Amino acid sequence: MRVDFYLLDADPVETVAPLLARKTLEAGKRLSIAAQDSDLRAKLDRALWEREGDAFLAHGGASDSNAARQPILLGETTTSANDATFAMLADGIWREEARGFERVMLLFGEDRRQAARELWKAFSAEEGLEKNFLKQEGGRWQRLG
C-alpha cells in the first residue's frame with residue numbers, strides 16, 4: 001500500500017481533489033473519495049463537475065443505485081463499490097478501511113497537521129507500506145519525504 005500525505009496550504013481541497021482525481025483516471029484507476037462532512041462532499045461534487053470546464057469528471061454518490069458504474073465515488077467512508085483501487089481522504093481523517101486500497105491520498109490542512117504527523121510516525125514502523133509527503137511549492141507538488 002502507498003499513502004501520499006498532501007499538505008494543503010496553498011489551494012483548498014475542492015481545487016486539489018479534481019486535479020488528483022483526473023490524474024487517477026488518466027492512470028486507468030477508479031477512485032473512492034471520502035469526506036464525513038456533507039457540506040464538503042457537496043463542494044467536492046460541484047468541483048468535480050465544474051473545475052475543469054467542459055471536461056467534467058463523471059462521478060456519483062457511494063449510495064447511488066448506479067455506484068458500480070461510476071469511475072469516482074463520493075461518500076462518508078471509502079468504498080470499493082466501483083472496484084476503486086485508489087482512495088482519497090479529502091477531509092484529512094484516516095480511516096482503517098483505506099488499508100484495502102492500493103494507493104491512498106490523505107489531503108489535510110493546518111487543522112489536521114498534527115494528526116497527519118502522528119499517522120506518519122505510526123506508519124514508519126510498518127513493513128511494505130510506502131509513504132510520501134507532498135507540499136505545493138510554486139504551484140507544483142514537491143515530494144519532501
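Which residues in α1 meet which residues in α2? The views below come from a predicted model, and the first one takes up this pair of helices.

**View 1. Helix α1 (residues 13–26) and helix α2 (residues 38–50) cross at roughly 50 degrees.** Two packed helices are described by the angle between their axes and the distance between the axes. Here the axes of α1 and α2 come within 9 Å. With that crossing of roughly 50 degrees, α1 is oblique to α2, and the crossing is right-handed. On the α1 side the residues are V13, E14, A17, P18 and A21; in α2 they meet L40, K43, L44, A47 and L48. By class, the contact of α1 with α2 has 8 nonpolar and 2 charged residues, and no polar ones.

**View 2. L44 is a buried residue of helix α2.** The relative accessibility of L44 is 1%, so the residue counts as buried, the cut-off being under 20%. Leaving aside neighbours within four places in sequence, L44 is in contact with V13, E14 and A17, residues that also appear on the α1 side of View 1. The other contacts of L44, counted in this way, are I33, A35, L74 and A90. L31 lies 13 residues from L44 along the chain, and the C-alpha atoms of L31 and L44 are separated by 13 Å.

**View 3. D4 in strand β1 has a side-chain polar contact with R2.** Strand β1 spans residues 2–7. D4 has 0% relative accessibility and therefore counts as buried. The polar contact joins the side chain of D4 to the side chain of R2, at 3.0 Å. Not counting residues up to four places away in sequence, D4 touches R103, V104, M105 and L106, together with N132 and L134.

**View 4. D83, in the loop between β4 and β5, has a positive phi.** The flanking strands are β4 (72–75) and β5 (86–89). Most residues other than glycine have a negative phi. D83 is not a glycine, yet its phi is positive, at about 60 degrees. Is D83 buried or exposed? The relative accessibility of D83 is 61%, and because the cut-off for exposed is over 50%, D83 counts as exposed.

Key:
Residues numbered from 1 in each chain as written. Predicted model: local features only at pLDDT ≥ 70, side-chain atom pairs only at ≥ 80, totals over all residues. Heavy atoms only, no water. Helix = DSSP H or I, 4+ residues; strand = E, 2+ residues; numbered from the N terminus. Buried < 20%, exposed > 50% of the residue type's maximum accessible area, 1.4 Å probe, protein only. Polar contact = N/O pair within 3.5 Å; in protein donor to acceptor, adjacent residues only side chain to side chain. Contact = heavy atoms within 4.5 Å. Axes fitted to C-alpha atoms, helices over the stretch in contact; angles between N-to-C directions. Parallel < 35°, antiparallel > 145°, perpendicular 65-115°, else oblique. Left-handed = near helix turned anticlockwise from the far one by under 90°. Nonpolar A, V, L, I, M, F, W, Y, C, P; charged D, E, K, R; others polar.
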